[in-house]
Amino acid sequence: MKTILIVDDEAAARYGLRRALESRYRIAEAESAEAARDAIATEKPDLMLLDVVMPGQDGLSFLKALREEGNELPVLIVSALDTAKTAVEALRVGAADYLVKGFELDELRQRVANLLKLTGLEKENSALRSQLATEGQFGGMIGRSAEMRRAFEVGDRVAATDSTVLILGESGTGKDLMAQEIHARSPRSARPFVAVNCAALPENLIESELFGYERGAFTGAAQQKKGKFELASGGTLFLDEIGDMNPVTQAKVLRVLENRTIERLGGTQSIPVDVRVISATHRNLAAEIRAGKFREDLFYRLRVVTIDLPPLRAHKEDIALLTETFLHMHGARLGRTARLKRDAMATIEKYDWPGNVRELKNALERSLVLSRGDEIGIEDLPGEVVHGETTSLKHRGDEHDNGIGERDFREAKRKFEVAYLTRQLAEHRWNVSRTAATIGLHRQSLQEKLRELGIRRPGREPLEDE
């Protein structure tokens, strides 16, 4: 039998609610917010009926405090206050429904039954999601290897909290998908999910993007603009590639995490923000801290909970499952189906996939488009997958002519730049924009450097910015 906790300072009101519901539910009572807190711990209610006007702590303040503590007990506000403002505020701080006293008893019973049914469905969905995470699925991510199931389980457990999360992993491992699914499973899921790619924004723009600006703050600031922290208020802010953030902005982000307030550029007013921060990076932050490029105090604030997403080469047992899923997905979109020949599957499993799951997904789409018939053979796979070009380039190390043996400094520098940029471009499938973002250059600067050094993608004349 479900338990309902009635919280009202008027004994007559509690009596009326009890008589209306006691035939179907177990009833517990409390005459104040303080007594209700004790009753929640001892009675374990499934639903709380809460009055607004009470001596001591009022109902809305009590509800807000419960939500800030992470308590998600469904609450039906039952109040004599018949104002839209009060009802809106009740829903804003976390009430599931609002009922004005003077209601028909049948209406009360129906509202209670609906809320309990909805709560039951939510618990069932939560249990199903937890089961899927254990079995190898987390939103749009899949993987049955021990490493992936471990990451999914941590993501599922942390989603229900408000803790700050740091997601680590190479480019293409699905850090953005992990962040989106944590938000989707959180109590903030109905509020905004705002993503910022810290590597893609120039240093002179990232602060205005994050914190906003006042009119006249700088040349071109014709009107006030809210930043990403304000736009994400009540929801989640995803700071992707935070390891590429400059030290000045790092300090300001640290202050936001500590004080939960921001100041727009050109402004003097402190603006409170209620934001859960999830960050991600492909960089080794410990090494960045030792090099003086990342603040140690910010690192500890970001990594309350850390989730490591392994590179695809570390869980190759998932490649067959991923391949089947991607081919089905691409086939449904493109209106055709095809399966991999055995030798093509063996080639895919042998390759190291430096671009990880994203590279595998794109390679399979290309192969499906170019293949004839209902089978994909080795001839349909990208050349770097078949010949292992990227893998050999990535691991060749000192065998590659990187200029170390040169006596002339300028020639050594030139050879090193050629080796370094060629390797980085190959790891990003020769995508100039992604490579520039990863190594900390503007796209135009990288293109100029490539022209200067005469670097071109193998088998293609001008280098393309794909």
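Is Phe193 buried, exposed or partly exposed, and what is its relative accessibility? Keep that in mind as you read these notes on a model that is predicted.

1. Let's start with the ring you were just asked about. Phe193 counts as partly exposed, because its relative accessibility is 26% and the partly exposed class runs between 20% and 50%. Phe238, by contrast, has a relative accessible area of 2%, so this residue is buried.

2. Now look at how aromatic rings come together. The structure has 7 aromatic pairs. One of them joins Phe193 and Phe238, whose ring centres lie 6.1 Å from each other, with 25° between the planes. That pair is stacked, because planes under 30 degrees apart fall in that class. Try tracing the chain between the two rings: Phe193 sits in strand S9 (residues 193–197) and Phe238 in strand S12 (residues 236–240). The two residues are 45 residues apart, and their pairing links distant parts of the chain.

3. A second pair makes a nice contrast in ring geometry. Tyr351 and Trp353 have ring centres 4.7 Å apart, and their planes meet at 85°. This pair is edge-to-face, because the angle between the planes is over 60 degrees. Where do these two residues stand on accessibility, buried or exposed? Tyr351 is buried at 3% relative accessibility, and Trp353 is buried too, at 1%.

4. Next, find two helices that meet. Helix H13 covers residues 319–334 and helix H14 covers residues 342–350. Their axes come within 10 Å and cross at roughly 120°. H13 and H14 are therefore oblique to each other, because this angle lies outside the 65 to 115 range for roughly perpendicular and is not over 145, the cut-off for roughly antiparallel. As for its hand, the crossing of H13 and H14 is right-handed.

5. Which residues make up this helix contact? From H13 come Ile319, Ala320 and Thr323, and from H14 come Met345, Ile348 and Glu349. Sorted by character, the residues in the contact of H13 with H14 are 4 nonpolar, 1 polar and 1 charged.

6. Stay with H13 for one last stop, at His330, which lies in this helix. His330 has a relative accessibility of 1%, so this histidine counts as buried. Which residues touch His330 once its neighbours within four places in sequence are set aside? They are Lys361, Leu364, Glu365 and Leu368. Have a look at these in the viewer, and enjoy exploring!

Definitions and conventions. Residues numbered from 1 in each chain as written. Predicted model: local features only at pLDDT ≥ 70, side-chain atom pairs only at ≥ 80, totals over all residues. Heavy atoms only, no water. Phe/Tyr/Trp six-rings, centres within 6.5 Å; stacked < 30°, edge-to-face > 60°. Helix = DSSP H or I, 4+ residues; strand = E, 2+ residues; numbered from the N terminus. Buried < 20%, exposed > 50% of the residue type's maximum accessible area, 1.4 Å probe, protein only. Axes fitted to C-alpha atoms, helices over the stretch in contact; angles between N-to-C directions. Parallel < 35°, antiparallel > 145°, perpendicular 65-115°, else oblique. Left-handed = near helix turned anticlockwise from the far one by under 90°. Contact = heavy atoms within 4.5 Å. Nonpolar A, V, L, I, M, F, W, Y, C, P; charged D, E, K, R; others polar.
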